[in-house]
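This report looks at a protein chain together with its ligand, and asks what surrounds the ligand and how one chosen residue is placed.

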Amino acid sequence: MKNIALLLTSFCFIASLNFNSAIAAPSKSVKKTAEQTTSSTALTKQRKNDLLHLVKQDCGSCHGMTLKGGLGPALLPADLVNKPEYFLTITILEGRPGTAMPPWKDILSEQEAQWIAAQLLQGLDNEQD
Ligand code: HEC
């Protein structure tokens, strides 16, 4: 069941990509490959390392290198208590219109955004699959 849901969400995500090309992404340092957008298989170790790097560098520029907050709010587990993973995933993909939080869907797949949300919730030092 979970796989089917993932497949469906990836499909919707890919379908919606066509409409997103006009939105300028804030950083192109971590690019999606066709393989990553079309596949719902587990993220590779290499990709996870890239994503952690992105979180520390790009997200860290606003949320603080250690995610303790800056222009953007702190993103440590204690700050995200009671915030559902899905809510954080959507925030990462779509940004928060009217705030400095930009959308990342040009760079990150839904699966990747969800993985980042999960890492934020449990703390980057406790990385898990
Ligand atoms: C240009 C600055 C900026 C960058 C870069 C940025 N954010 Fe944000 N982010 C914000 C701001 C500002 C908010 C608060 C928005 C609001 O007022 O609701 C926010 C909110 C969030 C929230 C919601 C927090 C909550 O408590 O609801 C999450 C999750 C988040 N950002 C994750 C990320 C991730 C992951 C990245 C990198 C992929 C990132 N942000 C990059 C500025 C930024």
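## The shell around the ligand

By class, the residues that form the shell around the ligand divide into 15 nonpolar, five polar and three charged. The model is a predicted one, and in it the ligand is surrounded by 23 residues, of which the closest are Cys 59, Cys 62, Gly 72, Thr 99 and Met 101.

Two helices, α3 (45-63) and α4 (85-94), each contribute at least two residues to this shell. The largest share comes from α3, which supplies seven residues of the shell around the ligand.

## The chain as a whole

The protein chain contains five helices and zero strands, so that, read from the N terminus on, its elements follow the order α-α-α-α-α. Of the 129 residues in the protein chain, 19% are buried.

Among the contacts in the protein chain with a separation of 6 or more, 60% are made by residues that lie 24 or more positions apart.

## Leu 121 and its surroundings

Leu 121 lies in helix α5, which spans residues 110-122. Is Leu 121 buried, exposed or partly exposed? Leu 121 has 17 other C-beta atoms within 10 Å and is therefore partly exposed, since a buried residue would need 20 or more and an exposed one would have 12 or fewer.

When residues up to four places away in sequence are not counted, Leu 121 touches Pro 77, Leu 80 and Glu 85. Leu 121 and Ala 78 are 43 residues apart in sequence, while their C-alpha atoms are 8.2 Å apart in space.

Definitions and conventions. Residues are numbered from 1 along each chain as its sequence is written. This is a predicted model: local features need pLDDT of at least 70, side-chain atom pairs count only at pLDDT 80 or more; totals for chains, interfaces and linings use all residues. A residue is near a molecule or strand if its C-beta atom, placed from the backbone, lies within 6 Å of it. Helices (H or I, at least four residues) and strands (E, at least two) are DSSP runs, numbered from the N terminus. Ala, Val, Leu, Ile, Met, Phe, Trp, Tyr, Cys and Pro count as nonpolar, Asp, Glu, Lys and Arg as charged, and the others, Gly among them, as polar. Two residues are in contact if their C-beta atoms, placed from the backbone, lie within 7 Å.
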